[in-house]
Amino acid sequence: MSRKKIILLSVLGTLLALIAAGSVFVGFTIAKAPSLDLTDVVPDGYLTSILDDEGNTIDTLAGVEANRVYVTLDQVPDDLKHAFIAIEDERFYRHKGIDLIGVSRALVEGITTFHFSQGASTITQQLIKNNVLTSWTEEQTFLDKVERKIQEQYLALRLERIRSKDWVLENYLNTINLGGGTWGVQAASMRYFGKSVSELTLSESAVLAAVTKSPAGFDPLNHPEANNERMTAVLDNMLAQEYISQEAYDAALADNVYERIAQTHTDRKVHALSWFEDALLNSVTEDLMTQHGYTEDEAWDAVYRGGLTIKSTQNTDLQRICEEEVNNDALYSGDQQVSVVITNGSDGSVMAIVGGRGTKDSSLVYNRAVESMRQAGSTIKIIGEYAAALDSGRITLGTVLDDEPYAYSDGTPIQNAGNYMGKTTLRGAIAWSSNIVALKVYQDVGGEAVLAGLKKFGISTLDQKDVVEPLAIGGSYHGVTNLEMTAAYNSLCAGGTYTRPYFYTEVVDHDGKVLLSREPESSRAVKAETAFLLTRAMMSVFDYGTGITAAFEGLPIAGKTGTTNDNKDVWTIGYCPYFTCGVWGGFDDNSAQSDTDYVKILWKNIMKRGTSDYIYREFEVPEDITTATICTKCGNLAVEGLCDSTVQGDMTRTEYFVSGTAPTKKCKCHTEVRVCKDSGMKAGPYCPYESVETRVYLKEATPGTSDEKYLAPSFGSETCTEHTSLLEKMFGGDDDRSGFWGDDKETEESDEGKTPGNENGSRDDSREPDPYNTDPYGGVWDFFFGP
Ligand SMILES: [Zn+2]
Ligand SMILES: [Zn+2]
């Protein structure tokens, strides 16, 4: 054997031994490779999107490394796919997972320069590396690297046997780190360009493809020059690989894309969750726990890292209006707090919610609209005793009760916020918020029925120990929340159907699977007719009652005001045919307030702006409703020429009734008296024709009420003493005198028609003045502002 041969053999032997050793090493390494679980290849930790009621994205949530939004390949522009392929893996569509040509080149390059680059990794390998072999960042030795590389290639080959190129590319594009805490092309597109990946141009696509080589070093926001260099290489490759034309190439290079990136960044604000989002996410996590058995941590993890799409019920316009109006500081005299809720009349969803004044600079904070339990005041009357009494047919809107000095069963006098107005219909009692009538109706219905009714309206904070008479005017142990009160009133807006308030319709996971679905939970609170009657009665609150300050031109509105002792709590809850708005105002420490109007004004400001885009519509009238013109002082049918021309004014009203409940008898409370204007006495036979007037008075009046002023005078048998003979009649009544005595003809309406007892509609009504009483509203209205 020649020396040459021996050398050759030994070299061959060494080579064989090396190959054998290498094979054993490769085999051993492959055996150590993790198994290929497809769920591992798919990226996790996605950005969660919150959509509003029109499907617009209103916010995105990102936990640590969760800044990721999944897109499917059909949403990715060709330029973007090609940009990545051109720079990262030009033979992507031709290789089977590993790029042998690339590997050979890298090997030759490595042997000749002793520098082994990562360059030969295919897109498939990079996907495996990022999602399966995630420990590569901890590699210590060269051998670790080689080992990982072998596993990577092995798994890449296996993956491509079971998954298509498109599948690989889609998962890759959703996986890659694109700098600035963004993972995946969609999140990066949002971060750098403020738009969806589907809208990216060629230059923008090239910018993103340029980042991958070094997410920190080529971040286009912080390192535009470095990115630009790599981006140019991307475009060069695209041109060379004939993905783009020379014109497109030139245009992309000329585009000053980095200026736009800087601007987008300036426009983006780091912000706390909004009031709506707070409530929404609390609701989503709660449902994940109760419906899917998540722990609290798991639920919040899903929200922040699960790539969920949360389809919320927020009406973004209304939410914005509420936030702006709440923060109009000119409304407030001090540090009052407020909360606002708007619920949708058509489906019971929450459209807007504000939990307090001021800039909201942290998330998941105390929300007064949901968490504060405050006294309801007079707003309880509608959904308490009045709803129960109307629904059971005990009373009608035309039922007349006496608003008179009165006491609780234990003898404690019950206070009205103002004067006693005497006989009033239920409508009048609602408009003027009579506490007396409320208590009388409560006593008639019974506390148990009132509580049962409140439960049907979804009021969950009241229980058996609240079944005491002060509940009639809103007194309770724990109080109520704005959210529940607004939802309760929304039942009336919705024709009597209560719906538990909700903040989302659907939560979809990042695979498009429905995780949570929220069907409205609805049940009947009261009959449609009852809801309608209460609605019509509560329109009077704004027409001429306690809510006049909150009235505005536009859609019809119905609602109720409420205050509690020392105005600690002030409410206005009301609705148009489309939605319901509840406003609460007070101090956090429950101290007294002198100013209460701000709540009504806030309600008005929100409703006026909020309804301006809605088409005019009336409240729907159920079939079983009729009308009758009644005398509002006794509740019977009005008599023409009598009830409509009393000394108190026109005391008739066309009222709504459930069929069969309208009165059938005629007015019994009014009486005509012929009076001589000159003497103010009962007219006698000698009084001149032009001096005699027929006046309509009440036959009876309860002492201590405003009715006393309209009570028929008791003249006894005596008639006019001024006109005692025919002679007097012929010569006495000359022109001068009639001018003097004619003084009483027209006294102008005082001002805004703050006249309790008159239910004749709008405050602009010109009512008959009271010729009998020169001060027809005698000190009534000025202190009759009540709950
Ligand atoms: Zn009458
Ligand atoms: Zn006379």
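Is Cys676 buried or exposed? At 0% relative accessibility, Cys676 counts as buried. The model described here is predicted.

## Overall fold

The chain has 787 residues, and 52% of them are buried. Its secondary structure amounts to 24 helices and 21 strands. Of the contacts between residues at least 6 apart in sequence, 71% join residues at least 24 apart.

## Zinc ion (ligand 1)

Four side chains coordinate the zinc ion (ligand 1): Cys631 through SG, Cys643 through SG, Cys667 through SG and His670 through ND1, at 2.1 to 2.3 Å. Along the chain, the donors follow the spacing C-x11-C-x23-C-x2-H. Cys631 and His670 link distant parts of the chain, with Cys631 in strand β17 (residues 625-631) and His670 in strand β19 (residues 670-676), 39 residues apart.

The arrangement around the zinc ion (ligand 1) is tetrahedral, because the four donor atoms subtend angles of 100 to 115 degrees and the class requires all angles to lie between 85 and 135 degrees. For four tetrahedral donors, the ideal angle at a metal is 109.5 degrees. Both Cys631 and His670 are buried; for Cys631 the relative accessible area is 0%, and the cut-off for buried is under 20%.

## Zinc ion (ligand 2)

The zinc ion (ligand 2) is held at 2.1 to 2.2 Å by Cys676 (SG), Cys687 (SG), Cys720 (SG) and His723 (ND1). The angles among these four donor atoms run from 104 to 117 degrees, and the site is tetrahedral. The donor spacing for the zinc ion (ligand 2) is C-x10-C-x32-C-x2-H.

Cys676 and Cys687 link distant parts of the chain: Cys676 lies in strand β19, while Cys687 lies in the loop between β20 (681-682) and β21 (692-698), 11 residues away. Strand β19 (residues 670-676) also contains His670, a donor to the zinc ion (ligand 1). Cys687 has a relative accessible area of 5% and is therefore buried. Cys676, at 0% relative accessibility, is buried as well.

## Cysteines and disulfides

How many disulfides does the model contain? The count comes to zero. Cys322 takes part in no disulfide, and the nearest cysteine sulfur, that of Cys581, lies 5.7 Å away. A disulfide needs the two sulfur atoms within 2.5 Å, so this pair does not qualify. Cys322 has 0% relative accessibility and therefore counts as buried.

## Strand β1 and Ser49

Ser49 sits in strand β1, which spans residues 48-51. Its relative accessibility is 12%, so Ser49 counts as buried.

Which residues does Ser49 contact, leaving aside its neighbours within four places in sequence? They are Asp59, Thr60, Val69, Leu308, Thr309 and Ile310.

## Cavities

The model has two cavities of 30 Å³ or more. The second largest cavity has a volume of about 30 Å³. Its lining consists of Ser339, Arg368, Ser372, Arg374, Val480, Asn482, Trp571 and Trp584.

Key:
Residues numbered from 1 in each chain as written. Chains lettered and ligands numbered in written order. Predicted model: local features only at pLDDT ≥ 70, side-chain atom pairs only at ≥ 80, totals over all residues. Heavy atoms only, no water. Helix = DSSP H or I, 4+ residues; strand = E, 2+ residues; numbered from the N terminus. Buried < 20%, exposed > 50% of the residue type's maximum accessible area, 1.4 Å probe, protein only. Contact = heavy atoms within 4.5 Å. Donors = N, O, S within 2.8 Å, 3.2 Å for Na, K, Ca; no water. Tetrahedral: all angles 85-135°; square planar, octahedral: opposite > 155°, others 65-115°. 1 Å grid on protein atoms, 1.4 Å probe; cavity = no way out; pocket = protein on both sides within 12 Å on 5 of 7 lines; lining within 4 Å. Points joined across faces, edges and corners; volume = space filled by probe spheres on them.
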